[in-house]
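Work through the exercises below with the model open beside you. Try each task before you read its solution.

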Amino acid sequence: MSGKIQAIRGMHDILPDQAHAWRHIENTIIAVINSYCYQEIRIPVVEKTELFARSIGELSDIVTKEMYTFTDRNDESLTLRPEGTAGCVRAGLEHGLFHNQIQKLWYIGPMFRHERPQKGRQRQFHQIGLEAFGLSGPDIDAELIILCARIWQTLKLDSITLQLNTLGTATTRNHYKELLIEYFSGYKEQLDKDSQHRLYNNPLRILDSKNPDMQSIISGAPSIHDHLDAESSDHFAGLRAILDETAIAYTINPYLVRGLDYYGKTVFEWTTDLLGAQGTVCAGGRYDGLVEHFGGKPAPAIGCAMGLERLIDLVQLDNTMDDSTGIPQIYLILADEAIQTGLKLAEDLRKMVPGLRLMSHCGGGSFKSQFKKADKSGAQLAIILGQEELINQTVRVKSLRDGSAQNTMPCVNLAEYVKQYLAVVGYFENA
Ligand code: ATP
Ligand code: MG
């Protein structure tokens, strides 16, 4: 075969000039999650197709149109995970994590959906997700939302707002679905094809339609809030009371439903106006029935997932992120004869100055060309080890930023010098 092979449409490389921002943002989010004592779970990227079909719902967009499904060499139908909840539930059941236990879990990784690629919508995208099992009260719903708010605050994202709704108990939902069928049947001719299809199967999904032509019909639909049973409205009131107390602002959107079939009671979305059409950065809700649906003893659960591509776009729009983490603080310049001693010296420095970002010059060349590379690297300080220094067991140091003179010192003094130098230029703040 000849010609260049390119990446698959909608699946992007994250190149070094972006990857350090990704790592920084992931680490920031994970540190917040750790402070709430959620535990990481790592689950496979591929699962049996049936897992997603049965949890996300046979009629959902994901299952009908978006899954990467293939038959493996054993003729088994497998699917690249389009989301993380189904796998967490499968893993938890398989390893007995749910029975009479509380689990607060998080995961990170790529998800796959065959959607139309556009800004904020890829075919391979990345999520960090949170799932809490074994808790039925509104306290955990509130905690999850508060945790998200803490993440936005830590990332200095103040354009993100919360939309909140309840889908009620199964009783409420069944009654409400009948009301929706009755209402939407009155507009049968005007409904788009998807909505007609959903009318009798799952009319709640009509509310989730992204079709602008449907919005005026949807906005006249009955509100679930006029039809909540006592359990549904108590739960929702309990959640609102905690959010009010902790000063988390929200808008109640009576038409907010989630794209997956298994949600009930609390559902929520965090959105921003700054990203255009793809403004939802995080979405989640309660799915009390799912564990039982997969054959486990009933275990209440709630979860959410945030889209990392969209969050990273948002952080970068803001432009306040410290992105110095990829830039060396020190560049080590070496004469050919000094390579062995130099690399040993570099290791000693890394050991003695934790967090130090030191780039050793590789590939030889004149001092002049090495200095050029040192300058370009963005480093603050060059350490030079030439023939003469090698013999005298000294090094030369030179600031690359303020034009001050070179300075020769014994190798044994170097670590202390570096620590002091970096403290003076304020480098340890971001280390
Ligand atoms: P959307 O309405 O944008 O299609 P969704 O309801 O399908 O989102 P979820 O399944 O709830 O999304 O996923 C949670 C989050 O993951 C979304 O809010 C979004 O930030 C992100 N996400 C979902 N699909 C994609 C995608 N194809 N590309 C990039 N991010 C995505
Ligand atoms: Mg979607």
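**Exercise 1. Describe how strand 2 and strand 4 are joined.**

Solution. Start with the pair itself: strand 2 and strand 4 run antiparallel and are joined by three bridges. Strands (E, at least two residues) and helices (H or I, at least four) are DSSP runs, numbered from the N terminus. Two strands pair if DSSP finds at least two bridges between them. Next, find a facing pair: lysine 48 stands opposite leucine 78 in strand 4.

This is a predicted model: local features need pLDDT of at least 70, side-chain atom pairs count only at pLDDT 80 or more, and totals for chains, interfaces and linings use all residues. Residues are numbered from 1 along each chain as its sequence is written, chains are lettered from A and ligands numbered from 1 in the order in which they are written, and side-chain values use heavy atoms, with hydrogens and water left out.

**Exercise 2. Place these strands in their sheet, then add helix 2.**

Solution. The sheet is open, has three strands and follows the order 2-4-3, with antiparallel pairing. Its edges are strand 2 (46-48) and strand 3, each pairing on one side only. From one strand to the next, the twist averages 35°. Now add helix 2 (residues 49-56): this helix lies across strand 2, strand 3 and strand 4. Contact means heavy atoms within 4.5 Å. The helix runs at about 75° to strand 2. Axes are lines fitted to C-alpha atoms, for helices over the stretch in contact, and angles run from 0 to 180 degrees between N-to-C directions.

**Exercise 3. Is aspartate 75 buried or exposed? Examine its phi as well.**

Solution. First locate aspartate 75: the loop between strand 3 (68-71) and strand 4 (77-80) holds it. Its phi is near 60°, a positive value in a residue other than glycine. Then check accessibility: aspartate 75 is exposed, because its relative accessible area is 67%. The classes are buried under 20%, exposed over 50% and partly exposed in between (1.4 Å probe, protein chains only).

**Exercise 4. Which residues are closest to ligand 1? List polar contacts too.**

Solution. Ligand 1 is surrounded by 16 residues (a heavy atom within 4 Å). The closest are Arg113, Glu115, Lys210, Arg258 and Thr280. Now take polar contacts, pairs of N or O atoms within 3.5 Å. A side-chain N or O atom of glutamate 115 is 2.6 Å from a nitrogen atom of the ligand. Arginine 121 places a polar side-chain atom 2.9 Å from a ligand oxygen. For arginine 258, the distance from a polar side-chain atom to a ligand oxygen is 2.3 Å.

Methods. Polar contact = N/O pair within 3.5 Å; in protein donor to acceptor, adjacent residues only side chain to side chain.
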